Amino acid sequence: MPITLRWSKKAPIKPHSASKHNAAPLTLINPFTDKPATVGLDHMTYEQLEEFGIELDAVRQRVLDDIGQKDADYIRRVIKAQRAAEILGRIGIFMPFFPPAFIAGIVLLGLAKILDNMEIGHNVMHGQYDWMNDPMVDGARYEWDNMADAKDWKHGHNYIHHTYTNIHGMDRDIGYNLLRIDPDQPWYGTHRFNLPMAFVLMMFFEWGVMYHGIELDQYLQGKISKADFQGRKKRAMRKIRRQVTKDYIAWPLVGLALVPFVGWWAPLAILGANVVANIIRNIWTFLIIFCGHFPADVATFAEEDAQNENRGQWYYRQILGSANISGHAPFHVLTGNLSYQIEHHLFPDIPARRYPEVAEDVKRLCKEYDLPYHTGRLSKQLVSVAGQLAKYGAKPSDPYKVGNSPESKALRRAKREEAARRATALSETQLTS
Amino acid sequence: MGIIRSALTSRVVRSLTSPNSIDDYLQQVHPMLAAENVRARVVEVRRETGEASTVVMRTNGVWKGFLPGQHVQFGVEVDGTRRIRVFSVSSARPAKGRSRTFSVSVKAHPDGYVSQFLHKELTPGTIVYLSQAEGEFVLPREVPSSLLLVSGGSGVTPVMSMLRTLRATGHSGDVTFLHYARSRDDEMFTDELDEIAGSTSMRVVRVYTRQPTPDAELQGRFHVDHLKHLGIDPVDTLTYVCGPAGLIATVRDTYGELGAAEQLRQEYFKVPSVDVDAADATGTLVFDTTLVEAPNTGATILEQAEAAGLQPDFGCRMGVCNTCAVKKNSGAVRHVVSGEISADTDETIKICVQVPVGDVNIAL
């Protein structure tokens, strides 16, 4: 059956799958011209890129055809381990009088939150297990043990970040509107504090993710409606209320029962344990995410270059825009297999446990087409990220790279006027035709 | 157990387990252990005919019981995927108290994935995922003195539950059971129906439409003469009919003509197949969220969405469970069962039983 995209102008590629919470990969379209995207053309020809896209599509299809019981068993095993770690962790932190159990409890609770956020939450909310039709792993219903509301996170992550990966002005995850991590980002005075700000973000990462999902910047720029913004705020407040109530009020209140046996400080110990467990998770998720996207050799792209891209170009952009982290099997589980960030960005909707096997094909294709495949140990990637933050925190000498220099302002004004002119011209041609 | 269950589902416990529910933890201990989710273990799978089976199950304590004639959403996992279908309860309602054992009876459709699985592969001990019993096709609290139960094919199941319940409770009124099957071999519950016919005051009449028995009281498909022959006056006989769309349509028309429409209760056992060649297979179906569009083929919106590569949620695929409900932004749709056309903008529809009429825009 013929299926066409709704835009009056046809996109070069059709969306892959179209479950409601995973619109990627949609292509970027320039309504004014049919000029193909230039992404990847310095590496290979347009035809080679198309071929490359077909080969990767075949890899994806092969995995999709093989999905079944073993993938279902795997995610249920992870969920079982997560629940066990959570319950044992909560029992452990109820023994503040016995430090080994107390500390083990904190670690287990942190581990449970990591498993919930990474291998379960992140991946389930990508729709990787929707085919199971089990409400427990349904991407549309899943809510994670994290300050960010699932719905708004899915929009910002699954749709915006995974579609417009590393495109300046479109992917809000480049530096999270807080840090300067790439030379093509405009520099502002606050970026002098890149490293300390990144450290604070690491400690309170779940709050950062929540704030990012409210999209205050988008609202102030007039890109989202007031109703949309207020809905986001409302959902964020509801989620904060639930998370804070659970970790910082309800469980410490249950800890009151320990007071006669342990002392007045028992609820405080439980509160502190919850704070530490959340911070453990925050640090871990921050490290994995930053090392997956911000090491020095990861590329970013300009919107003009990515417009009208074909499937191969879309894949090319994902490969160059991500970096893997090498490690052993348990490490990969704790990262939610996001240590295979490249494979995740190529195929966000296949069960993440398949990324190691897919990586073999991706590496082979990268070799065949002479493409870089960025990977390295966590320590190496981390040093690289810190180096980037330090380097791009310094004020650039080029005035066009400084956000509020007169030169940049003039450039932005010129671009705005140009866009307005073209839009008027287009509407006039439509009227006359 | 009731107090424990309400404690486990209380807001206090919820605030401690948020964002999960208590069942997310309990089911890790044992799949049957739950405070809110109905689960059951298959006790027995009994062959009724070459094509039909009865599945006897024992539920967990969450099950609230059923009324004769109700159905249940039945989920079973095959190759990692939970498949959910709606089946009618066929067993008798226990006389008093809540019983955790009940059965559904299912005819295997040639391309019915779940019904084929039930018939051929389901084994005792399997855990199945259920809903509470639902449906309005039930006997009233006070069963009137004159009752007619009509069924066709595997539409016998909810009616069988009624018949068995009436028998078990020693109901003394006039009950006539009129059943249409293709042949005696194709009929479910044959031995039990023979026995009921012989040992109770209930009148059991079976019509085999393809291979009639020589001494049959009635022959052919349902006709108003069948009622006359049985001496039934529809106007003062509460009547339940369940079966294929054709049977229901005939009975409904007959009752309408005789001015007895109020006495009729009806239930489809499957969604009538859609006439794909119908004139309303025009226009374009637009899936607004995913920006996909396809020419309207005249199939249900759910089927068309799947054909277009989308993966909408669905459950029963017969307009019962509401899992597939989504917003229709604009356009007219026709309900495949009632034929009702609705053209409101921004209304929520069940896409498994709605066919687009002309251009339709759906929030999928």
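**Figure 1. Secondary structure and overall dimensions of chain B in the predicted model.** Chain B is built from nine helices and 17 strands. Its radius of gyration is 22 Å, and the globule rule gives 21 Å for 364 residues, so chain B is as compact as a globular protein of that length. Along the principal axes, the C-alpha atoms fill a box of roughly 60 × 55 × 35 Å. Of the 364 residues in chain B, 40% are buried. Contacts reach far along the sequence: among those in chain B between residues at least 6 apart, 65% join residues at least 24 apart.

**Figure 2. The side of chain B that touches chain A.** Here 24 residues of chain B are in contact with 32 residues of chain A. Four elements of chain B give two or more residues each to this side: the helices α2 (11-17) and α3 (22-29), and the strands β4 (81-88) and β13 (292-295). By class, the chain B side has eleven nonpolar residues, nine polar ones and four charged ones.

**Figure 3. Packing of helix α3 of chain A on helix α10 of chain A.** Helix α3(A) spans residues 99-125, and helix α10(A) spans residues 266-293. They pack at an angle of about 45 degrees, with their axes 8 Å apart. That angle makes α3(A) oblique to α10(A). The crossing of the two helices is right-handed. From α3(A), the contact uses A:Phe102, A:Gly105, A:Ile106, A:Leu109, A:Gly110, A:Lys113, A:Ile114, A:Asn117 and A:Met118. From α10(A) come A:Ala273, A:Val276, A:Ala277, A:Asn278, A:Ile280, A:Arg281, A:Trp284 and A:Thr285. Sorted by class, the contact of α3(A) with α10(A) holds ten nonpolar residues, five polar and two charged.

**Figure 4. The surroundings of A:Gly53 in helix α1 of chain A.** Helix α1 of chain A covers residues 46-66, and A:Gly53 sits within this helix. A:Gly53 has 20 other C-beta atoms within 10 Å; a residue with 20 or more counts as buried, so A:Gly53 is buried. Leaving out residues up to four places away in sequence, A:Gly53 touches A:Asn310, A:Arg311, A:Gly312 and A:Tyr315. A:Tyr316 is 263 residues from A:Gly53 in sequence. In space, the C-alpha atoms of A:Gly53 and A:Tyr316 are 8.4 Å apart.

Conventions. Residues are numbered from 1 along each chain as its sequence is written. Chains are lettered from A and ligands numbered from 1 in the order in which they are written. This is a predicted model: local features need pLDDT of at least 70, side-chain atom pairs count only at pLDDT 80 or more; totals for chains, interfaces and linings use all residues. Axes are lines fitted to C-alpha atoms, for helices over the stretch in contact, and angles run from 0 to 180 degrees between N-to-C directions. Angles under 35 degrees count as roughly parallel, over 145 as roughly antiparallel, 65 to 115 as roughly perpendicular and the rest as oblique. A crossing is left-handed if the near helix is turned anticlockwise from the far one by less than a right angle, and right-handed if clockwise. Two residues are in contact if their C-beta atoms, placed from the backbone, lie within 7 Å. Ala, Val, Leu, Ile, Met, Phe, Trp, Tyr, Cys and Pro count as nonpolar, Asp, Glu, Lys and Arg as charged, and the others, Gly among them, as polar. The radius of gyration is taken over C-alpha atoms; the globule rule is 2.2 Å times the number of residues to the power 0.38. A residue is buried if 20 or more other C-beta atoms lie within 10 Å of its own, exposed if 12 or fewer, and partly exposed in between; C-beta atoms are placed from the backbone.
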